[in-house]
Amino acid sequence: MFINHEYIEKILEDAKNATREDIKNVLEKAKKRSGLSYEDIAVLLQVEEKEDLNEIFKLAGEIKDSIYGKRIVIFAPLYVSDYCVNNCVYCGYKRENDFCRRKLTMEEVAEEVKILEQMGHKRLALELGEDPVNAPIDYVLECLKTIYETQSDNGEIRRVNVNIAATTIENYRKLKEAKIGTYILFQETYHKPTYDTMHPKSIKGDYEYHLTAFDRAMEAGVDDVGAGVLFGLADPKFEVIGLMMHNKHLEEKYGVGFHTISMPRLKPASGVTLEKFPHLVDDEMFKKLVAIIRIAVPFTGIIMSTRETSEMRRELLRYGVSQISAGSSTGVGGYKDREEGKEALQFKTSDDRTPLEVIKSVLDDGYIPSYCTACYRKGRTGERFMKLAKSGEIQNVCEPNAMTTLLEFAIDYGDKEILEKAEEVIKTEKERIKRQDIKDLLEKNLERLKAGERDLYL
Ligand code: SF4
Ligand code: SF4
């Protein structure tokens with residue numbers, strides 16, 4: 001087992017005795033990007049002094065800027081089925097909750113997709129509960145096919161990340177063939193005793209089968225995986241080291257670790273109140289966790305959902321978050337239901353702004369909202385992607401692609417204000433591109449977009 005509980009607990013305990021000097025040394029090491037050990041990360045996790053915390057935030061911000069520049073990737077979740085055979089203590093879809101469950105028909109999937117396309121989305125995360133009878137792998141494959149085939153005007157979904165329960169190598173192969181983007185699976189908690197308590201009498205209750213899901217996905221050729229824990233279930237410091245151990249295990253065995261880490265925090269849901277969870281993470285701790293993960297795994301995207309308030313999301317973009325969802329509904333058929341004024345949710349969202357409002361605020365903060373999906377379509381995934389990312393060369397495509405997709409969004413779905421803001425940001429950011437050949441390619445793509453062409457990328 002690659003999650004060594006005693007070892008994690010020991011290094012977290014030892015790190016409580018770290019001196020200011022020790023903390024400074026770890027930060028120096030992180031600045032040089034020479035890689036941090038688990039012990040180093042434990043030292044950062046135990047930091048409490050304001051001055052040291054500010055150093056952590058500053059360094060995380062610098063790393064974020066140097067690797068991700070100004071771009072923020074935008075996506076939306078699509079919930080297709082709330083049937084679930086599991087009974088996860090923290091989830092509104094748990095089987096003991098008695099509500100009228102549903103799964104979308106393919107016509108309904110297409111309807112949801114059209115609404116999402118009209119919001120300008122190009123990248124979705126497909127979400128569903130675990131139910132081998134009501135929502136088997138064939139249903140998921142059908143959904144994928146429908147999503148990719150549903151187009152309206154200039155709208156099309158170009159990348160579907162899939163968040164389905166841990167499954168077999170054979171099923172992962174089918175997902176690969178169906179052209180998924182990232183395979184996302186949250187471990188929820190790396191702490192086995194907590195895992196067992198949170199997943200009573202269910203398929204998901206098998207800690208080891210869940211933990212080794214990415215191994216099976218990699219064996220099946222899915223080399224793009226996204227991890228996550230639900231912060232609030234167990235000691236969050238334990239979870240961060242757990243994430244790092246899982247990542248390292250994949251790097252050592254398959255040459256590539258997590259493409260993304262999602263950072264959801266426990267939220268109230270139907271039949272779920274927060275009193276019984278002793279490890280809830282407050283805002284200050286949450287900011288620290290995001291910053292430390294950014295420092296520890298600079299090339300792994302950090303995803304934040306609309307569980308967080310707009311203020312929190314704005315702040316966390318500075319310290320490390322690189323992908324956010326916008327205009328999300330977390331209910332099955334939720335986009336259509338929302339248009340009709342009724343939604344049943346997996347968890348409560350806190351940022352209920354429309355995509356246009358989110359994009360305006362992201363632009364106002366000086367970022368470039370990006371709808372880019374180029375890597376996946378050019379086969380730049382897994383090890384190939386990580387090599388490009390680590391060499392810094394990825395910057396030469398990410399930044400121009402962010403600008404191109406932003407202009408495409410602004411022309412097709414924005415209002416006058418968005419278009420003006422987008423053109424302003426693009427004008428400024430274009431000048432920062434150092435390589436003239438890249439600048440020329442970008443300018444050409446922007447002109448072609450204005451002339452009516454779509455889906456342009458480097
Ligand atoms: Fe089902 Fe997933 Fe909710 Fe657990 S977290 S009850 S597996 S939908
Ligand atoms: Fe992501 Fe690749 Fe696009 Fe960069 S170029 S934003 S890494 S898809």
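Me: How do the residues lining the largest pocket divide by class?
Reply: A pocket here is an open set of points on a 1 Å grid over the protein atoms alone, with protein on both sides within 12 Å along at least five of seven lines, and lining residues have an atom within 4 Å of a point. Ala, Val, Leu, Ile, Met, Phe, Trp, Tyr, Cys and Pro count as nonpolar, Asp, Glu, Lys and Arg as charged, and the others, Gly among them, as polar. Sorted that way, the lining comes to twelve nonpolar, six polar and five charged.

Me: Hang on, what pLDDT do local features need here?
Reply: Residues are numbered from 1 along each chain as its sequence is written, chains are lettered from A and ligands numbered from 1 in the order written, and side-chain values use heavy atoms, leaving out hydrogens and water. It's a predicted model, where side-chain atom pairs count only at pLDDT 80 or more, totals for chains, interfaces and linings use all residues, and local features need pLDDT of at least 70.

Me: Back to that pocket: which helix gives the largest share of its lining?
Reply: Helices are DSSP runs of H or I with at least four residues, strands are runs of E with at least two, and both are numbered from the N terminus. H2 (20–31), H3 (38–45), H11 (236–254), H12 (283–296) and H17 each supply at least two lining residues. The largest share, four residues, comes from H11.

Me: What volume does the second largest cavity have?
Reply: A cavity is a set of grid points where a 1.4 Å probe fits but cannot get out. Points are joined across faces, edges and corners, and a volume is the space filled by probe spheres set on them. This cavity is lined by 26 residues, with Arg71, Val73, His259, Phe385 and Cys398 nearest its centre, and its volume is about 410 Å³.

Me: How many residues of helix H15 are buried?
Reply: Buried means under 20% relative accessible area, with a 1.4 Å probe and protein chains only. What covers H15's buried residues includes strand E1 (71–81), helix H13 (310–319) and helix H18 (395–413). H15 is largely enclosed by the rest of the structure, because the buried count among its ten residues is seven.

Me: Which element gives the most to the largest nonpolar core?
Reply: A nonpolar core is a set of buried Ala, Val, Leu, Ile, Met, Phe, Trp, Tyr and Cys residues joined through side-chain atoms within 4.5 Å. This one has 149 residues, and Leu126, Ile241, Leu243 and Met263 touch the most other members. With nine residues, the element that gives the most is H18.

Me: Asp224 sits in a loop, so what relative accessible area does it have?
Reply: The loop in question lies between helix H10 (213–219) and strand E7 (225–228). Asp224's side chain makes polar contacts with the side chains of Arg159, at 3.3 Å, and Thr182, at 3.0 Å. A polar contact pairs N or O atoms within 3.5 Å; within protein, one must be able to donate a hydrogen and the other to accept it, and residues adjacent in sequence count only if both atoms are side-chain atoms. Asp224 is buried, with a relative accessible area of 5%.

Me: Which residue's side chain makes a polar contact with the side chain of Arg454?
Reply: Arg454 is in the segment after helix H20 (436–450). Its side chain reaches the backbone oxygen of Leu449 at 2.9 Å. The side-chain partner, also listed at 2.9 Å, is Asp412.

Conventions: Buried means under 20% relative accessible area, exposed over 50%, partly exposed in between (1.4 Å probe, protein chains only). Contact means heavy atoms within 4.5 Å.
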